[in-house]
Amino acid sequence: MAVPAIISGGPYGKNGGYFSEFTDNAPWRFGIPRKTVSGLEKFEGLDPAYWCLHGYAIVHTDPRGVQYSDGDMVMTSKQDGEDNYDIIEWIASQVSMAGNSWLTQTQWFAAAEKPPHLNCLAPAEGWTDFYNDTLVRGGIPSSPTRQWIAHTATRGQNKVENFPLMATKYPFWNQYWDDRRAKLSNINIPVYIVASWTSMLHTGGTFHGWLGVNSIMKWLRVHNSNEWPDFYQPHNVEELRKFFVHYLKDDNNGWEFTPKVRLCILNHGGKDIINRPETDFPLSRQQTKTLYLDALSGSLKWDVPAPSDSSVRFDAQTGSAEFIYVFHRRVELTGYFTLELYVEAIGTNDVDIFCAMNKLSPDGTVLRHLDIDPGYLQDDPEAEQSKLLDNPNMHLAGIFFSEGPHGRLRASHRELSEESTLHDPRYTQRASQPLGHGEIVKLCIEMRPFGIIFEAGQSLRLTISGRPVHPELPSLPPPETINEREIVIHTGGRYQSALIVPFIE
């Protein structure tokens, strides 16, 4: 008897490869206790021990060039989509796809090719546009991270596409990069998307996937955890099965009554809101509000600043500037953030800008959100939690904790595209616009979406720097910048630098 098939396609090998070893050796296995999985699962893929028991075939494919597959590794591209089209049509039954991270981007590209036998899709946190979401976000290449993923985390017998070299060879948009942007508007099948606010690599692409697909049958769940433990939590696995039962087994089980959007809103140091139902995202009741930067006081203000100009300058390689706002009542900010910044580069014609938002306690302590619970299914949960909380600087702690939304932009890449909106700036990436001597330019910096609560007395701190404020992945070098000399941030008067926030009543 034929059974529905779910494909997990990605570059890590059928048994997980490098990342399975990485997880096994990580503290608390990144919140995935051994007792929750069988060991048969592909890294970031579905566990066959569970899914086969419930009447599904799990297809763990290795793309071309991975492990013992023939050919060279050319992934995150239209080619990957075409290859998976052939796999889906070879199976030619009730077919879907599932998985996290790279196994998600494979889904976007495969579905964009519109294989007739692909019934539905379940992408859980992954990019849709390799250039803008990850490799050259804001025009700043993230070469160390991608070098590690391409040449250490993936394994094969033949050649591997050199992504960092391609970012150097083709710094601006062309056909090569266009082939690595999934054609989301082609996707009109049912889609169940899982996202988080806190992934350094995947938040931007996952939300763009939600906004870009052309299906009216789409669902979004934004959790308050890390993508790895969330993917294997039993209640989340059961919910995913409910989605597949409906669309792969034609069971009228009421899935269609699932709220279209469910959001977890983070409250660092307090109690999160869990799975709040919404009708859409961004939220229709969102109010656009503006916090103006004031360089004189180092503060953020709702009121338009005084008509006189002010500025702050710092070393482009080692320095930063901070701006703070203290909340006088409980406030929720949920959605896309944008930093509009007037910048001058001293002694050079280009500059890289990094920005991040933090939540501070009334005494000025940075409040961080615990994304992975080390006590999950442990014999003494509180003792395991204490081991982490008492040593927040432990190796890989950046994966266990998160702080707030962040952004980056190379000034010469500042030209906005037609897709750009006030809350979601997007860039043409087609040509360089260097700065003239003494020129002050306006940058609209995309900050990844976030959902956060501030209690009365807590503060929002905006940090602007010439170097990364938050690392993409712990233990890896940060991206190299082009920065030299000094950066000047102009505020007030003619230069109303501002943080655009999504205010929720």
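These are my notes on the cysteines and on one strand, β5, in this structure.

**Entry one: the model.** I'm working with a predicted model, so I keep that in mind for everything below.

**Entry two: cysteines.** I looked for disulfides and found zero. I then checked C355, which is in no disulfide; its nearest cysteine sulfur belongs to C444, 12 Å away. Why no bond for C444? I went from the other end: the closest cysteine sulfur to that of C444 is in C355, and 12 Å is too far for a bond. The cut-off I needed here is that the two sulfur atoms must be within 2.5 Å.

I also looked up whether these two are buried or exposed. C355 is buried, at 2% relative accessible area. C444 has 13% relative accessibility, and it counts as buried because that is under 20%.

**Entry three: strand β5.** Next I went to residues 191-196, which form β5. How many of its six residues are buried? I got six of six, so the strand is largely enclosed by the rest of the structure.

Then I sorted the side chains by direction. V191, I193 and A195 point one way, while Y192, V194 and S196 point the other way, and all are buried. That fits what I've learned: side chains in a regular strand alternate between the two faces of the sheet.

**Entry four: β5's partner.** Which strand pairs with β5? I found β6, residues 218-223, running parallel to β5 with six bridges between them. Across from Y192 sits W219 of β6. Last, I followed the chain through helix α9 (residues 203-212): together with β5 and β6, α9 makes a β-α-β unit, and this unit is right-handed.

Technical notes
Residues numbered from 1 in each chain as written. Predicted model: local features only at pLDDT ≥ 70, side-chain atom pairs only at ≥ 80, totals over all residues. Heavy atoms only, no water. Buried < 20%, exposed > 50% of the residue type's maximum accessible area, 1.4 Å probe, protein only. Helix = DSSP H or I, 4+ residues; strand = E, 2+ residues; numbered from the N terminus. Pairing = 2+ DSSP bridges. Right-handed = clockwise from strand over helix to strand, strands pointing away.
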